[in-house]
Amino acid sequence: MPIIVNGGTPSDQEPVGAVLARMRRAKGYTGAALAEIVGMSQPKISRIERGRGLADPEDIAIIARALGADEPLVRSLMERAERSHDRMTDWRPTSTGLASRQESLADWERAAQTIRDFQPAVLNGLLQTSEYARAALLSFQQLANTPTDDSAETAILSAVTARIRRQEILADPAKSFRFVITEAVLRNQICSPAEMLAQMGKLRNLALRPNVELSVIPEDRPLVMPPLHGFMLLDDSLVVIDVYNTGLTTRGRNDVDRYRQVFELFRDAASDDVGPLLDRYQTLYKDRL
């Protein structure tokens, strides 16, 4: 028997976000009012309703209950959200915008207690200086064949601002951050030598934080697993991957378990004594000035 809720009967084919949006309108709530009720941001509510990215089933439950859904409907919506995580789902920056993608990442990072990140080629956004971030994001903007006009420059500046704002969570002592990079990340010159020098200094300072663990896999150390691509693991519930033309996320249990296993393999191969390596690359970039 279909479950009746305010605003109509949800079809099994109707997206979860569309169901919640219809229930919200039936209650007479604005997105901002609902966000205040459930303790989420209005942009997050909008992304969930529009199906942008993968919604956390727990968030779906909180919103549905706030909108008056009974428990059978809550469980049904959670199960449908969970099923959407059982496969890798692409999220294209060209359709969502670089800045909005940073905002989605920020939502996921704020919800996590432990963030594990492995990168074989480029630093995670949480570790980047603004100039390093600008150079990296500009490359993706150019790859998307976006015209280099004033609007494109504004988009880049907005994305850089959003990426740097994400770093505020590093100051939260309740969160734990574990970053593993290959030595190639330090060697890859993403921006000018002066800015790379500043980036080395930022890494040195971040490594001093009690809740931040930074490890480097030296280039002469054998690897038990090919470093095919970078990824971020948020708690044991979400994997985020960046590739050239898209972003991939998954909450599938098997996927998350596999990436946790891969992370630990890279972590075991890494060195916590990052000072000498940072010294080496600071010297290298000074010589290039």
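**Exercise 1. In this predicted model, list which residues of helix α11 are buried.**

Solution. The buried residues of α11 are Pro193, Met196, Leu197, Gln199, Met200, Leu203 and Leu206. To interpret the spacing, recall that an α-helix has 3.6 residues a turn, so residues three or four places apart point the same way. The helix itself covers residues 193-206, which is 14 residues.

**Exercise 2. Compare the end-to-end reach of α11 with its expected value, and do likewise for α7.**

Solution.
Step 1. At 1.5 Å a residue, 20 Å is expected for α11, and its first and last C-alpha atoms are 20 Å apart.
Step 2. Helix α7, residues 98-111, also has 14 residues; its reach is 21 Å, close to the expected 20 Å.

**Exercise 3. State how many residues of α7 are buried, and name them.**

Solution. The count is 10 of 14, so α7 is mostly covered, buried being under 20% relative accessible area. The residues are Leu98, Ala99, Arg101, Gln102, Ser104, Leu105, Ala106, Asp107, Trp108 and Glu109. For the protein as a whole, 47% of the 289 residues count as buried.

**Exercise 4. Describe the largest nonpolar core and the part α11 plays in it.**

Solution.
Step 1. The core contains 34 residues, and those with the most contacts inside it are Phe177, Phe179, Leu186, Met200, Leu203 and Leu234.
Step 2. Helix α11 supplies 5 residues, the largest share of this core. Met200 and Leu203 also appear in the list of buried residues of α11.
Step 3. Another core lies apart from this one; it has 21 residues, including Val16, Leu20, Ala35 and Leu67.

**Exercise 5. Find the contacts of Leu234, leaving aside its neighbours within four places in sequence.**

Solution. Leu234 is in contact with Trp108, Glu109, Ala112, Thr114, Ile115 and Val240. Two of these partners, Trp108 and Glu109, are among the buried residues of α7. For the whole protein, 75% of contacts between residues at least 6 apart in sequence join residues at least 24 apart.

**Exercise 6. Classify the packing of helices α2 and α4.**

Solution.
Step 1. Helix α2 spans residues 31-38 and α4 spans residues 57-66; the angle between them is about 110 degrees and their axes are 10 Å apart.
Step 2. Angles of 65 to 115 degrees count as roughly perpendicular, and α2 and α4 are therefore roughly perpendicular to each other.
Step 3. Leu34, Ile37 and Val38 of α2 make the contact with Ile62, Ile63 and Ala66 of α4.

Conventions:
Residues are numbered from 1 along each chain as its sequence is written. This is a predicted model: local features need pLDDT of at least 70, side-chain atom pairs count only at pLDDT 80 or more; totals for chains, interfaces and linings use all residues. Side-chain values use heavy atoms; hydrogens and water are left out. Helices (H or I, at least four residues) and strands (E, at least two) are DSSP runs, numbered from the N terminus. The expected span of a helix is 1.5 Å times one less than its number of residues. Buried means under 20% relative accessible area, exposed over 50%, partly exposed in between (1.4 Å probe, protein chains only). Contact means heavy atoms within 4.5 Å. A nonpolar core is a set of buried Ala, Val, Leu, Ile, Met, Phe, Trp, Tyr and Cys residues joined through side-chain atoms within 4.5 Å. Axes are lines fitted to C-alpha atoms, for helices over the stretch in contact, and angles run from 0 to 180 degrees between N-to-C directions. Angles under 35 degrees count as roughly parallel, over 145 as roughly antiparallel, 65 to 115 as roughly perpendicular and the rest as oblique.
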